[in-house]
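Open your viewer and let us take a walk through this fold together. At each stop you will get something to select and a short account of what is there.

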Amino acid sequence: MNDSEYSSPKDSCGLFGVFGNSESADLTFLGLYSLQHRGEEAAGIITSNGRNLLSKVGTGLVSEVFSGPVLQEIKGDMAIGHVRYSTTGSSNANNCQPMKVSIKRREVSIAHNGNITNAPSLRKCLDDQGAIFQTSMDTELLIHLLARSDCEDFTDALCESVIKLKGAFCLLVMTVDKIYAIRDPSGFRPFSLGKLWGSLVLSSETCAMDLIEAEYTRDIQPGEVLEISKDGMKSFFPFKKDHKVAHCIFEQIYFAKPDSNVFGFNVYETRKKLGHQLAKESPLEADMIIPMPDSGNYAALGFAEESGIQFELGMIRNHYIGRTFIEPSQVMREFGVKVKHNPVKDLVKGKRVVVVDDSIVRGTTAKIKIKNLRDAGATEVHMRICCPPHRHSCYYGIDFPEKSKLIASNFSIEEIKKILDLDSLAYLSYEGMLQCMKLPGKDFCTACFNGDYPVEVDKSINKYSLELTNEDNRNA
Ligand code: SF4
(Lines give C-alpha, C1' and ligand atoms only; values in the text may rest on other atoms or scores of the structure.)
Protein backbone atom coordinates (compact mmCIF):
# COMPACT_ATOMS: atom_id res chain seq x y z
CA MET A 1 0.00 0.00 0.00
CA ASN A 2 1.95 2.89 -1.20
CA ASP A 3 -0.37 5.63 -0.43
CA SER A 4 -0.54 4.14 2.99
CA GLU A 5 3.12 3.50 3.58
CA TYR A 6 3.23 6.89 5.16
CA SER A 7 -0.33 7.93 5.44
CA SER A 8 -1.92 4.81 6.95
CA PRO A 9 -3.39 2.30 7.21
CA LYS A 10 -1.03 0.21 9.24
CA ASP A 11 -1.73 -2.94 11.06
CA SER A 12 -2.06 -2.78 14.77
CA CYS A 13 0.21 -5.45 16.21
CA GLY A 14 1.72 -8.90 16.03
CA LEU A 15 1.72 -11.67 18.63
CA PHE A 16 4.04 -14.60 19.16
CA GLY A 17 4.25 -17.12 21.99
CA VAL A 18 6.08 -20.33 22.88
CA PHE A 19 5.15 -22.86 25.58
CA GLY A 20 7.46 -25.55 26.91
CA ASN A 21 10.85 -24.68 25.46
CA SER A 22 13.96 -23.53 27.31
CA GLU A 23 14.81 -21.39 24.27
CA SER A 24 11.43 -19.66 24.37
CA ALA A 25 12.92 -16.13 24.58
CA ASP A 26 15.18 -16.67 21.55
CA LEU A 27 12.39 -18.32 19.55
CA THR A 28 9.99 -15.50 20.39
CA PHE A 29 12.62 -12.96 19.34
CA LEU A 30 12.86 -14.71 15.95
CA GLY A 31 9.09 -14.92 15.69
CA LEU A 32 8.71 -11.22 16.35
CA TYR A 33 11.38 -10.50 13.75
CA SER A 34 9.21 -12.25 11.23
CA LEU A 35 6.16 -10.26 12.37
CA GLN A 36 7.92 -6.89 12.31
CA HIS A 37 5.69 -5.72 9.44
CA ARG A 38 2.73 -5.78 11.85
CA GLY A 39 4.20 -3.10 14.10
CA GLU A 40 7.39 -1.13 14.14
CA GLU A 41 6.96 1.23 17.06
CA ALA A 42 7.68 -1.06 19.98
CA ALA A 43 8.50 -4.66 20.82
CA GLY A 44 8.48 -6.78 23.94
CA ILE A 45 8.95 -10.26 25.31
CA ILE A 46 7.89 -11.60 28.68
CA THR A 47 9.04 -15.04 29.81
CA SER A 48 8.24 -17.24 32.76
CA ASN A 49 10.87 -19.22 34.67
CA GLY A 50 8.13 -21.03 36.58
CA ARG A 51 8.28 -18.65 39.55
CA ASN A 52 8.31 -15.15 38.06
CA LEU A 53 7.63 -13.32 34.86
CA LEU A 54 10.71 -11.65 33.35
CA SER A 55 10.18 -8.72 31.06
CA LYS A 56 11.93 -6.74 28.36
CA VAL A 57 9.87 -4.22 26.40
CA GLY A 58 10.82 -1.00 24.67
CA THR A 59 10.19 1.32 21.79
CA GLY A 60 11.86 0.56 18.47
CA LEU A 61 12.31 -2.32 16.12
CA VAL A 62 12.75 -5.86 17.42
CA SER A 63 16.49 -5.71 16.63
CA GLU A 64 16.84 -2.47 18.57
CA VAL A 65 14.92 -3.53 21.66
CA PHE A 66 16.71 -6.87 21.90
CA SER A 67 20.27 -5.86 21.10
CA GLY A 68 23.07 -7.19 23.31
CA PRO A 69 22.70 -9.96 25.89
CA VAL A 70 19.17 -9.06 26.93
CA LEU A 71 17.64 -12.38 25.81
CA GLN A 72 19.99 -14.24 28.18
CA GLU A 73 18.59 -12.20 31.05
CA ILE A 74 14.99 -13.27 30.44
CA LYS A 75 15.43 -16.99 29.89
CA GLY A 76 12.38 -19.11 30.64
CA ASP A 77 10.38 -22.11 29.47
CA MET A 78 7.51 -20.05 28.11
CA ALA A 79 7.26 -16.64 26.52
CA ILE A 80 4.87 -14.24 24.88
CA GLY A 81 5.95 -11.41 22.59
CA HIS A 82 4.44 -8.42 20.88
CA VAL A 83 5.26 -5.91 18.15
CA ARG A 84 3.25 -2.74 18.25
CA TYR A 85 1.75 -0.21 15.94
CA SER A 86 -0.55 2.09 17.86
CA THR A 87 -4.15 2.24 16.80
CA THR A 88 -5.58 2.72 20.27
CA GLY A 89 -3.21 4.18 22.82
CA SER A 90 -0.60 6.70 21.78
CA SER A 91 2.85 5.67 20.69
CA ASN A 92 4.87 6.18 23.85
CA ALA A 93 7.01 3.99 26.07
CA ASN A 94 4.19 3.56 28.58
CA ASN A 95 2.18 1.75 25.96
CA CYS A 96 4.66 -1.02 25.15
CA GLN A 97 3.45 -4.60 25.37
CA PRO A 98 3.23 -7.26 26.65
CA MET A 99 1.91 -5.60 29.78
CA LYS A 100 2.95 -7.15 33.08
CA VAL A 101 0.92 -6.67 36.24
CA SER A 102 0.12 -8.31 39.53
CA ILE A 103 -3.55 -9.21 39.95
CA LYS A 104 -4.52 -10.54 43.37
CA ARG A 105 -0.88 -11.53 44.03
CA ARG A 106 -0.66 -13.39 40.70
CA GLU A 107 1.73 -12.16 38.04
CA VAL A 108 -0.06 -11.79 34.72
CA SER A 109 1.16 -10.67 31.33
CA ILE A 110 -1.03 -9.61 28.39
CA ALA A 111 -0.37 -8.91 24.71
CA HIS A 112 -3.11 -7.76 22.33
CA ASN A 113 -3.69 -7.37 18.60
CA GLY A 114 -6.81 -5.54 17.45
CA ASN A 115 -9.17 -2.88 18.77
CA ILE A 116 -11.75 -3.21 21.51
CA THR A 117 -14.69 -1.29 20.10
CA ASN A 118 -16.58 -0.81 23.37
CA ALA A 119 -13.43 0.50 25.09
CA PRO A 120 -14.71 4.03 25.81
CA SER A 121 -17.91 2.87 27.50
CA LEU A 122 -16.10 0.10 29.41
CA ARG A 123 -13.44 2.53 30.55
CA LYS A 124 -16.01 5.05 31.71
CA CYS A 125 -17.76 2.35 33.68
CA LEU A 126 -14.49 1.20 35.29
CA ASP A 127 -13.41 4.81 35.94
CA ASP A 128 -16.68 5.37 37.76
CA GLN A 129 -15.92 2.32 39.92
CA GLY A 130 -12.59 3.84 40.90
CA ALA A 131 -10.22 2.09 38.50
CA ILE A 132 -6.96 3.97 37.91
CA PHE A 133 -5.58 3.49 34.41
CA GLN A 134 -1.82 3.55 33.82
CA THR A 135 -1.89 3.64 30.01
CA SER A 136 -4.13 4.82 27.19
CA MET A 137 -4.32 1.32 25.67
CA ASP A 138 -7.59 -0.55 25.38
CA THR A 139 -5.68 -3.69 26.45
CA GLU A 140 -5.55 -2.38 30.01
CA LEU A 141 -9.30 -2.84 30.29
CA LEU A 142 -8.81 -6.59 30.54
CA ILE A 143 -6.51 -6.12 33.53
CA HIS A 144 -9.16 -4.13 35.39
CA LEU A 145 -11.86 -6.63 34.50
CA LEU A 146 -9.69 -9.49 35.78
CA ALA A 147 -8.94 -7.59 38.97
CA ARG A 148 -12.65 -7.13 39.62
CA SER A 149 -13.65 -10.73 38.96
CA ASP A 150 -14.96 -12.75 41.89
CA CYS A 151 -13.91 -16.05 40.28
CA GLU A 152 -11.32 -17.98 42.29
CA ASP A 153 -10.02 -19.81 39.25
CA PHE A 154 -7.98 -17.69 36.84
CA THR A 155 -9.33 -19.39 33.72
CA ASP A 156 -12.87 -18.70 34.90
CA ALA A 157 -11.96 -15.08 35.62
CA LEU A 158 -10.45 -14.74 32.16
CA CYS A 159 -13.50 -16.23 30.44
CA GLU A 160 -15.81 -14.03 32.48
CA SER A 161 -13.74 -10.94 31.58
CA VAL A 162 -13.16 -11.43 27.86
CA ILE A 163 -16.86 -11.86 27.12
CA LYS A 164 -17.31 -8.22 28.17
CA LEU A 165 -15.01 -7.10 25.34
CA LYS A 166 -16.37 -6.28 21.89
CA GLY A 167 -14.55 -5.82 18.62
CA ALA A 168 -11.32 -7.30 17.35
CA PHE A 169 -8.95 -8.96 19.75
CA CYS A 170 -6.37 -11.67 19.61
CA LEU A 171 -4.82 -11.95 23.05
CA LEU A 172 -1.92 -13.82 24.57
CA VAL A 173 -2.22 -13.96 28.35
CA MET A 174 0.50 -15.59 30.47
CA THR A 175 0.76 -16.49 34.14
CA VAL A 176 3.84 -18.18 35.63
CA ASP A 177 2.61 -21.59 34.53
CA LYS A 178 0.06 -21.12 31.72
CA ILE A 179 -0.41 -19.39 28.40
CA TYR A 180 -3.86 -18.51 27.09
CA ALA A 181 -4.58 -17.71 23.44
CA ILE A 182 -7.88 -15.88 22.90
CA ARG A 183 -9.56 -14.83 19.67
CA ASP A 184 -12.65 -12.68 19.40
CA PRO A 185 -15.81 -14.45 18.20
CA SER A 186 -15.68 -12.80 14.77
CA GLY A 187 -12.08 -13.87 14.17
CA PHE A 188 -11.08 -10.50 12.71
CA ARG A 189 -7.32 -10.98 13.01
CA PRO A 190 -5.40 -14.13 12.13
CA PHE A 191 -4.05 -16.29 14.98
CA SER A 192 -2.46 -19.69 14.56
CA LEU A 193 -1.25 -22.59 16.68
CA GLY A 194 1.73 -24.74 15.78
CA LYS A 195 4.20 -27.17 17.27
CA LEU A 196 7.96 -27.33 17.43
CA TRP A 197 9.42 -30.57 18.74
CA GLY A 198 7.57 -30.93 22.07
CA SER A 199 6.68 -27.24 22.36
CA LEU A 200 3.64 -25.26 21.30
CA VAL A 201 3.84 -22.06 19.29
CA LEU A 202 1.26 -19.28 18.81
CA SER A 203 1.57 -16.65 16.14
CA SER A 204 -0.36 -13.90 14.41
CA GLU A 205 0.90 -15.25 11.10
CA THR A 206 2.31 -18.53 9.88
CA CYS A 207 5.41 -16.89 8.35
CA ALA A 208 6.84 -16.64 11.88
CA MET A 209 6.32 -20.35 12.42
CA ASP A 210 8.13 -21.10 9.17
CA LEU A 211 11.13 -19.13 10.33
CA ILE A 212 11.67 -21.25 13.44
CA GLU A 213 10.65 -24.42 11.55
CA ALA A 214 7.53 -24.93 13.63
CA GLU A 215 4.68 -26.87 12.07
CA TYR A 216 1.31 -25.17 11.69
CA THR A 217 -1.41 -27.17 13.44
CA ARG A 218 -4.58 -25.09 13.22
CA ASP A 219 -6.04 -21.62 13.70
CA ILE A 220 -7.25 -20.51 17.10
CA GLN A 221 -10.99 -20.61 16.47
CA PRO A 222 -13.12 -17.49 16.58
CA GLY A 223 -14.43 -17.23 20.14
CA GLU A 224 -11.93 -19.73 21.55
CA VAL A 225 -10.05 -19.37 24.83
CA LEU A 226 -7.24 -21.90 24.60
CA GLU A 227 -5.50 -22.74 27.88
CA ILE A 228 -2.03 -24.29 27.59
CA SER A 229 -0.37 -25.79 30.66
CA LYS A 230 1.94 -28.69 31.47
CA ASP A 231 -1.23 -30.81 31.59
CA GLY A 232 -1.95 -30.09 27.93
CA MET A 233 -4.46 -27.91 26.07
CA LYS A 234 -8.06 -27.12 26.99
CA SER A 235 -10.45 -25.10 24.85
CA PHE A 236 -13.26 -22.94 26.21
CA PHE A 237 -15.92 -21.11 24.22
CA PRO A 238 -17.40 -18.58 26.65
CA PHE A 239 -18.80 -16.08 24.13
CA LYS A 240 -22.45 -15.98 23.08
CA LYS A 241 -23.00 -17.81 19.81
CA ASP A 242 -24.61 -14.84 18.08
CA HIS A 243 -21.50 -13.55 16.28
CA LYS A 244 -20.90 -14.04 12.61
CA VAL A 245 -17.37 -14.79 11.46
CA ALA A 246 -15.82 -11.66 9.95
CA HIS A 247 -12.18 -12.15 8.98
CA CYS A 248 -10.48 -8.92 7.95
CA ILE A 249 -10.26 -9.20 4.16
CA PHE A 250 -7.55 -6.57 4.13
CA GLU A 251 -5.16 -8.97 5.85
CA GLN A 252 -5.19 -10.93 2.59
CA ILE A 253 -5.02 -7.86 0.36
CA TYR A 254 -2.30 -5.93 2.13
CA PHE A 255 -1.37 -6.52 5.74
CA ALA A 256 -0.21 -10.07 6.14
CA LYS A 257 3.10 -11.17 4.71
CA PRO A 258 2.81 -12.96 1.37
CA ASP A 259 4.61 -16.01 2.75
CA SER A 260 1.86 -16.45 5.35
CA ASN A 261 -1.27 -18.50 5.17
CA VAL A 262 -4.01 -16.38 6.69
CA PHE A 263 -7.51 -17.71 7.51
CA GLY A 264 -6.35 -20.98 5.97
CA PHE A 265 -5.06 -19.82 2.60
CA ASN A 266 -1.95 -18.30 1.10
CA VAL A 267 -1.59 -14.55 0.83
CA TYR A 268 0.79 -14.51 -2.15
CA GLU A 269 -1.58 -16.62 -4.19
CA THR A 270 -4.54 -14.37 -3.32
CA ARG A 271 -2.71 -11.21 -4.32
CA LYS A 272 -1.73 -12.66 -7.68
CA LYS A 273 -5.35 -13.67 -8.25
CA LEU A 274 -6.46 -10.13 -7.43
CA GLY A 275 -4.11 -8.89 -10.16
CA HIS A 276 -5.48 -11.41 -12.67
CA GLN A 277 -9.04 -10.41 -11.86
CA LEU A 278 -8.22 -6.72 -12.10
CA ALA A 279 -6.66 -7.18 -15.55
CA LYS A 280 -9.79 -9.04 -16.70
CA GLU A 281 -12.08 -6.31 -15.40
CA SER A 282 -10.06 -3.26 -16.51
CA PRO A 283 -7.86 -4.10 -19.50
CA LEU A 284 -5.82 -1.47 -21.33
CA GLU A 285 -2.99 -1.02 -23.78
CA ALA A 286 0.35 -0.05 -22.27
CA ASP A 287 4.08 -0.73 -22.46
CA MET A 288 4.73 -1.96 -18.94
CA ILE A 289 3.18 -2.92 -15.63
CA ILE A 290 4.93 -1.39 -12.62
CA PRO A 291 4.14 -2.50 -9.08
CA MET A 292 4.31 -0.07 -6.22
CA PRO A 293 6.83 -2.03 -4.18
CA ASP A 294 6.55 -4.04 -2.11
CA SER A 295 2.86 -4.40 -1.47
CA GLY A 296 1.77 -4.04 -5.11
CA ASN A 297 4.31 -6.62 -6.39
CA TYR A 298 2.10 -9.68 -6.33
CA ALA A 299 -1.03 -8.16 -7.85
CA ALA A 300 1.15 -6.56 -10.54
CA LEU A 301 2.60 -9.97 -11.39
CA GLY A 302 -0.92 -11.32 -11.78
CA PHE A 303 -1.96 -8.31 -13.85
CA ALA A 304 1.06 -8.72 -16.17
CA GLU A 305 0.41 -12.46 -16.57
CA GLU A 306 -3.24 -11.90 -17.44
CA SER A 307 -2.70 -8.90 -19.73
CA GLY A 308 0.47 -10.08 -21.44
CA ILE A 309 2.04 -6.65 -20.80
CA GLN A 310 5.68 -6.61 -19.75
CA PHE A 311 6.27 -6.58 -15.96
CA GLU A 312 9.03 -4.19 -14.89
CA LEU A 313 10.31 -3.08 -11.51
CA GLY A 314 10.14 0.53 -12.58
CA MET A 315 9.79 2.01 -9.11
CA ILE A 316 12.66 1.23 -6.76
CA ARG A 317 12.10 1.13 -3.07
CA ASN A 318 14.72 2.35 -0.64
CA HIS A 319 14.90 -0.35 2.04
CA TYR A 320 17.23 1.57 4.33
CA ILE A 321 14.92 4.24 5.60
CA GLY A 322 14.03 2.65 8.90
CA ARG A 323 11.17 3.41 11.17
CA THR A 324 11.85 7.14 11.44
CA PHE A 325 9.67 7.57 8.40
CA ILE A 326 7.03 5.19 9.55
CA GLU A 327 6.17 7.22 12.62
CA PRO A 328 2.55 8.32 12.39
CA SER A 329 3.27 12.01 11.98
CA GLN A 330 2.37 14.03 8.91
CA VAL A 331 5.78 15.70 8.49
CA MET A 332 7.61 12.40 8.53
CA ARG A 333 5.11 10.84 6.16
CA GLU A 334 5.53 13.55 3.56
CA PHE A 335 9.30 13.48 3.77
CA GLY A 336 9.22 9.70 3.60
CA VAL A 337 7.29 9.71 0.32
CA LYS A 338 10.07 11.59 -1.39
CA VAL A 339 12.86 9.30 -0.27
CA LYS A 340 11.23 5.90 -0.32
CA HIS A 341 10.27 5.26 -3.95
CA ASN A 342 12.23 6.38 -6.96
CA PRO A 343 11.34 5.66 -10.62
CA VAL A 344 13.93 4.15 -12.98
CA LYS A 345 14.13 7.05 -15.41
CA ASP A 346 15.71 5.23 -18.36
CA LEU A 347 13.09 2.49 -18.10
CA VAL A 348 9.95 4.61 -17.98
CA LYS A 349 11.04 7.43 -20.29
CA GLY A 350 8.76 7.58 -23.33
CA LYS A 351 6.64 4.67 -22.04
CA ARG A 352 2.97 4.13 -21.19
CA VAL A 353 3.07 2.72 -17.68
CA VAL A 354 0.43 1.02 -15.54
CA VAL A 355 1.01 1.32 -11.82
CA VAL A 356 -0.56 -1.49 -9.79
CA ASP A 357 -1.14 -0.87 -6.11
CA ASP A 358 -3.30 -2.24 -3.33
CA SER A 359 -5.16 0.93 -2.40
CA ILE A 360 -5.35 4.69 -2.40
CA VAL A 361 -6.08 6.04 1.05
CA ARG A 362 -5.67 9.80 1.29
CA GLY A 363 -4.22 10.20 -2.20
CA THR A 364 -1.43 12.51 -1.08
CA THR A 365 1.47 10.11 -1.52
CA ALA A 366 0.08 8.54 -4.69
CA LYS A 367 -0.03 12.00 -6.25
CA ILE A 368 3.66 12.60 -5.58
CA LYS A 369 4.64 9.23 -7.01
CA ILE A 370 2.64 9.78 -10.17
CA LYS A 371 4.25 13.18 -10.62
CA ASN A 372 7.66 11.54 -10.19
CA LEU A 373 6.83 9.07 -12.96
CA ARG A 374 5.76 11.88 -15.28
CA ASP A 375 8.90 13.86 -14.40
CA ALA A 376 10.89 10.75 -15.30
CA GLY A 377 9.41 10.89 -18.80
CA ALA A 378 6.47 8.44 -18.74
CA THR A 379 4.12 9.45 -21.57
CA GLU A 380 1.04 7.93 -19.94
CA VAL A 381 0.48 6.92 -16.32
CA HIS A 382 -2.43 4.61 -15.55
CA MET A 383 -3.34 3.17 -12.19
CA ARG A 384 -5.03 -0.09 -11.26
CA ILE A 385 -6.01 -0.81 -7.66
CA CYS A 386 -6.49 -4.43 -6.63
CA CYS A 387 -9.45 -3.83 -4.29
CA PRO A 388 -12.53 -1.57 -4.29
CA PRO A 389 -12.28 2.07 -3.13
CA HIS A 390 -11.80 2.58 0.62
CA ARG A 391 -14.72 4.74 1.65
CA HIS A 392 -15.03 3.92 5.36
CA SER A 393 -12.71 3.84 8.32
CA CYS A 394 -11.71 0.73 10.27
CA TYR A 395 -12.58 0.33 13.94
CA TYR A 396 -11.13 -3.14 14.29
CA GLY A 397 -7.43 -2.46 14.59
CA ILE A 398 -6.31 -1.16 11.22
CA ASP A 399 -5.17 2.42 11.29
CA PHE A 400 -7.16 3.95 8.47
CA PRO A 401 -7.77 7.66 8.81
CA GLU A 402 -11.31 8.73 9.54
CA LYS A 403 -13.84 8.70 6.72
CA SER A 404 -13.51 12.41 5.99
CA LYS A 405 -9.84 11.95 5.06
CA LEU A 406 -10.35 9.00 2.70
CA ILE A 407 -10.13 10.27 -0.85
CA ALA A 408 -12.70 7.78 -2.18
CA SER A 409 -15.16 8.87 0.46
CA ASN A 410 -15.10 12.42 -0.88
CA PHE A 411 -14.56 12.05 -4.62
CA SER A 412 -15.75 9.89 -7.51
CA ILE A 413 -13.27 7.65 -9.32
CA GLU A 414 -13.24 10.11 -12.22
CA GLU A 415 -12.46 12.97 -9.82
CA ILE A 416 -9.68 10.96 -8.15
CA LYS A 417 -8.22 10.29 -11.59
CA LYS A 418 -8.05 14.04 -12.21
CA ILE A 419 -6.72 14.86 -8.73
CA LEU A 420 -3.91 12.33 -9.13
CA ASP A 421 -3.24 13.41 -12.73
CA LEU A 422 -3.74 9.92 -14.15
CA ASP A 423 -4.57 8.91 -17.71
CA SER A 424 -6.88 6.23 -16.36
CA LEU A 425 -7.82 4.77 -12.99
CA ALA A 426 -9.71 1.57 -12.18
CA TYR A 427 -10.41 -0.32 -8.98
CA LEU A 428 -11.22 -4.00 -8.62
CA SER A 429 -14.94 -4.64 -8.19
CA TYR A 430 -16.30 -5.79 -4.83
CA GLU A 431 -17.53 -9.05 -6.36
CA GLY A 432 -14.19 -9.55 -8.13
CA MET A 433 -12.36 -9.15 -4.81
CA LEU A 434 -14.54 -11.75 -3.10
CA GLN A 435 -14.08 -14.18 -5.99
CA CYS A 436 -10.33 -14.21 -5.31
CA MET A 437 -10.79 -15.43 -1.71
CA LYS A 438 -10.87 -19.10 -0.82
CA LEU A 439 -13.61 -18.59 1.77
CA PRO A 440 -17.18 -17.44 1.11
CA GLY A 441 -17.70 -13.66 1.07
CA LYS A 442 -19.99 -13.88 4.11
CA ASP A 443 -16.98 -14.94 6.23
CA PHE A 444 -15.19 -11.60 5.74
CA CYS A 445 -15.38 -8.14 7.16
CA THR A 446 -15.45 -5.71 4.24
CA ALA A 447 -16.62 -2.68 6.21
CA CYS A 448 -13.92 -0.31 4.95
CA PHE A 449 -15.34 -0.87 1.44
CA ASN A 450 -19.08 -0.98 2.06
CA GLY A 451 -19.60 0.47 5.55
CA ASP A 452 -21.27 -2.73 6.72
CA TYR A 453 -19.68 -3.10 10.18
CA PRO A 454 -20.12 -6.67 11.44
CA VAL A 455 -19.70 -5.66 15.10
CA GLU A 456 -21.24 -2.50 16.48
CA VAL A 457 -18.76 0.36 16.56
CA ASP A 458 -18.54 3.54 18.55
CA LYS A 459 -17.47 5.96 15.81
CA SER A 460 -16.49 8.56 18.37
CA ILE A 461 -13.56 6.40 19.52
CA ASN A 462 -10.21 8.15 19.33
CA LYS A 463 -7.68 5.77 17.81
CA TYR A 464 -4.90 7.17 19.98
CA SER A 465 -6.68 7.38 23.28
CA LEU A 466 -9.68 5.93 25.02
CA GLU A 467 -11.12 9.37 25.49
CA LEU A 468 -13.75 10.81 23.15
CA THR A 469 -12.77 13.99 21.35
CA ASN A 470 -14.73 16.78 19.76
CA GLU A 471 -12.87 16.30 16.51
CA ASP A 472 -13.76 12.63 16.40
CA ASN A 473 -17.34 13.44 17.19
CA ARG A 474 -17.40 15.87 14.29
CA ASN A 475 -15.97 13.28 11.97
CA ALA A 476 -18.11 10.40 13.11
S1 SF4 B 1 -12.94 -2.53 8.19
FE2 SF4 B 1 -11.52 -3.19 6.56
S3 SF4 B 1 -9.49 -3.13 7.49
FE4 SF4 B 1 -10.99 -3.08 9.17
S5 SF4 B 1 -11.28 -5.20 9.78
FE6 SF4 B 1 -12.85 -4.76 8.28
S7 SF4 B 1 -11.92 -5.34 6.30
FE8 SF4 B 1 -10.27 -5.19 7.80
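Before we set off, keep in mind that this is a predicted model.

**Stop 1: the antiparallel sheet**

Start by selecting strands S5, S6, S7, S8, S12 and S13, which line up in that order as an open, antiparallel sheet of 6 strands. From one strand to the next, the twist averages 20 degrees. Look at the two edges, where you will find strand S5 (99-103) and strand S13 (232-236). Each has a single partner strand, so one side of each has no neighbour in the sheet.

Now zoom in on the S13 edge. Strand S12 (residues 225-229) runs antiparallel to S13, and 5 bridges join the two. To see a bridge pair, pick Val225 and its partner in S13, Phe236.

Next, add helix H7 (residues 154-162) to the view. Helix H7 lies across strand S6 (106-116), strand S7 (167-174), strand S8 (179-183), S12 and S13. Its direction makes an angle of about 20 degrees with S8.

**Stop 2: backbone details around S5**

Stay with S5 and step back into the loop that links strand S4 (78-84) to S5, where Pro98 is found. Show the backbone of Gln97 and Pro98: the peptide bond joining them is cis, with omega about 0 degrees.

Then go to the loop between S5 and S6 and select Lys104. Lys104 is not a glycine, yet its phi is positive, at about 50 degrees.

**Stop 3: the parallel sheet**

Move on to S17, S20, S21 and S22. These 4 strands, in that order, form an open sheet with parallel pairing. Here the twist from one strand to the next averages 20 degrees. Which strands stand at the edges? They are strand S17 (288-291) and strand S22 (424-427); each pairs with a single strand, so one side of each is left without a neighbour in the sheet.

Inside this sheet, highlight strand S20 (residues 352-357) and strand S21 (residues 380-385), which run parallel and are joined by 6 bridges. For a pair to click on, take Val356, whose bridge partner in S21 is Arg384.

Bring in helix H11 (residues 297-307), which lies across S17, S20 and S21. Relative to S17, helix H11 runs at about 165 degrees.

Between S17 and H11 there is a loop that holds Asp294. Turn on its backbone atoms and you will find a cis peptide bond from Pro293 to Asp294, with omega near -5 degrees.

**Stop 4: the largest cavity**

For the last stop, look inside. How many cavities of 30 Å³ or more does the structure hold? There are 3, and the largest has a volume of about 80 Å³.

Select Cys248, Cys394, Cys445, Ala447 and Cys448, the residues nearest the centre of the largest cavity among the 14 that line it. Two elements give two or more residues to this lining: helix H9 (249-255) and helix H18 (447-450). H9 gives the most, with 3 residues.

Try colouring the lining by residue class: 11 of its residues are nonpolar, 2 are polar and 1 is charged.

Finally, colour domain 1 (2-255) and domain 2 (261-455 + 470-475) separately. Why does the largest cavity lie between them? Both domains give residues to its lining, so the cavity sits between the two.

Notes
Residues numbered from 1 in each chain as written. Predicted model: local features only at pLDDT ≥ 70, side-chain atom pairs only at ≥ 80, totals over all residues. Heavy atoms only, no water. 1 Å grid on protein atoms, 1.4 Å probe; cavity = no way out; pocket = protein on both sides within 12 Å on 5 of 7 lines; lining within 4 Å. Points joined across faces, edges and corners; volume = space filled by probe spheres on them. Nonpolar A, V, L, I, M, F, W, Y, C, P; charged D, E, K, R; others polar. Domains from an automatic or database assignment. Pairing = 2+ DSSP bridges. Axes fitted to C-alpha atoms, helices over the stretch in contact; angles between N-to-C directions. Contact = heavy atoms within 4.5 Å.
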